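Work through the exercises below with the sequence and the coordinates at hand. Try each task before reading its solution.

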Amino acid sequence: MKSSHPTVGEAAAAIGHRHDRLLERVRALSGALLDAVEAGDTVTAHDEKANLVSWCEDELIPHLVAEEGPLYGGAHATAEAGLLVEGLLQEHQTLVGLVDELRRVDGGARPAALGLVIARVLALHIGKEERLLLPFIAASPGLSLAEAVGTLEDVTEA
Ligand SMILES: [Fe+2]
Ligand SMILES: [Fe+2]
């Protein structure tokens with residue numbers, strides 16, 4: 001996003017594109033981990049788990065943290081979307097907790113199971129953001145989707 005004043009459509013497209021990339025990566029990484037576990041390849045499973053943990057730390061969690069700024073903040077303060085944002089924040093905590101759990105387990109089926117759960121929870125969460133939160137912000141005269149998305153560094157730099 002090069003313009004400092006993107007339109008609502010450009011802002012929604014930018015965050016949608018970022019979300020698509022996150023989903024693509026989490027599915028690829030959790031799938032590779034599952035494949036290694038199913039094949040009984042413990043060395044590859046160990047490496048794939050480390051890859052997934054690194055990606056969560058470097059890409060996923062910074063995205064969640066960035067969203068908790070102006071993107072969530074404006075809607076959180078409204079009567080109509082306050083509870084929606086509370087729910088989204090709980091999902092962020094769930095994702096961070098799952099990453100912690102993944103970091104601690106090694107060997108057996110648990111890492112692959114946690115990888116699949118992280119991928120599914122993220123897909124559910126992103127679906128709510130795109131179908132509920134972003135349209136709400138875009139339709140609210142007091143809120144600016146373009147401005148809020150402009151604060152998401154991982155989106156604007158992508
Ligand atoms: Fe989020
Ligand atoms: Fe998001």
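**Exercise 1. Contacts and overall layout**

Task: Among the contacts with a separation of 6 or more, what share comes from residues 24 or more positions apart? Then describe the fold elements in sequence order.

Solution. Keep in mind that this is a predicted model.
- Step 1. Take the contacts with a separation of 6 or more; residues 24 or more positions apart make up 72% of them.
- Step 2. Count the secondary structure: 7 helices and 0 strands.
- Step 3. Write the order along the chain, which gives α-α-α-α-α-α-α.
- Step 4. Get the extent from the C-alpha trace, which spans about 55 × 35 × 20 Å along its principal axes.
- Step 5. Add burial: 31% of the 158 residues count as buried.

**Exercise 2. The nonpolar cores**

Task: Find the largest nonpolar core and state which helices each supply at least two of its residues.

Solution.
- Step 1. The largest core holds 20 residues. V26, L33, L95, I118 and L122 have the most contacts inside it.
- Step 2. Trace the core back to the helices. At least two residues each come from α1, α2 (42-67), α4 (82-104) and α5 (110-139).
- Step 3. Look for another core. A second one, separate from the largest, has 17 residues, including Y72, A75, V85 and V155.
- Step 4. Inspect I118. Leaving out residues up to four places away in sequence, I118 touches V26, S30, L95, L98, V99 and L102.

**Exercise 3. Two helix pairs**

Task: How do α2 and α4 pack, parallel or antiparallel? Repeat for α1 and α5.

Solution. Two numbers describe a packed pair of helices: the angle between the axes and the distance between them.
- Step 1. For α2 and α4, the angle is about 155 degrees and the axes lie 10 Å apart.
- Step 2. Angles over 145 degrees count as roughly antiparallel, so α2 is roughly antiparallel to α4.
- Step 3. The crossing of α2 and α4 is left-handed.
- Step 4. List the partners. From α2 come K49, L52, V53, C56, L60, I61 and L64; from α4 come H92, L95, V96, V99, L102 and R103.
- Step 5. Sort the α2 and α4 contact residues by class: 10 nonpolar, 1 polar and 2 charged.
- Step 6. Turn to α1 and α5. Their axes cross at roughly 170 degrees and come within 8 Å.
- Step 7. With that angle, α1 is roughly antiparallel to α5.
- Step 8. The α1 and α5 contact has 19 nonpolar, 4 polar and 2 charged residues.

**Exercise 4. Two residues in context**

Task: Why does L60 count as buried, and why does A36? Place both in their surroundings.

Solution.
- Step 1. Locate L60: it sits in helix α2.
- Step 2. L60 counts as buried because 21 C-beta neighbours lie inside 10 Å. The cut-off is 20 or more.
- Step 3. Beyond residues up to four places away in sequence, L60 touches L22, W55 and L95.
- Step 4. Compare sequence and space. L60 and L122 are 62 residues apart in sequence, and their C-alpha atoms are 9.3 Å apart.
- Step 5. Move to A36, in helix α1 (residues 8-38).
- Step 6. A36 counts as buried because it has 20 C-beta neighbours inside 10 Å.
- Step 7. With residues up to four places away left out, A36 touches D41, T44, A45 and E48.
- Step 8. A36 and P135 are 99 residues apart in sequence, with 40 Å between their C-alpha atoms.

Methods: Residues numbered from 1 in each chain as written. Chains lettered and ligands numbered in written order. Predicted model: local features only at pLDDT ≥ 70, side-chain atom pairs only at ≥ 80, totals over all residues. Helix = DSSP H or I, 4+ residues; strand = E, 2+ residues; numbered from the N terminus. Buried ≥ 20, exposed ≤ 12 C-beta atoms within 10 Å, placed from the backbone. Contact = placed C-beta atoms within 7 Å. Core = buried A, V, L, I, M, F, W, Y, C linked by C-beta atoms within 7 Å. Axes fitted to C-alpha atoms, helices over the stretch in contact; angles between N-to-C directions. Parallel < 35°, antiparallel > 145°, perpendicular 65-115°, else oblique. Left-handed = near helix turned anticlockwise from the far one by under 90°. Nonpolar A, V, L, I, M, F, W, Y, C, P; charged D, E, K, R; others polar.
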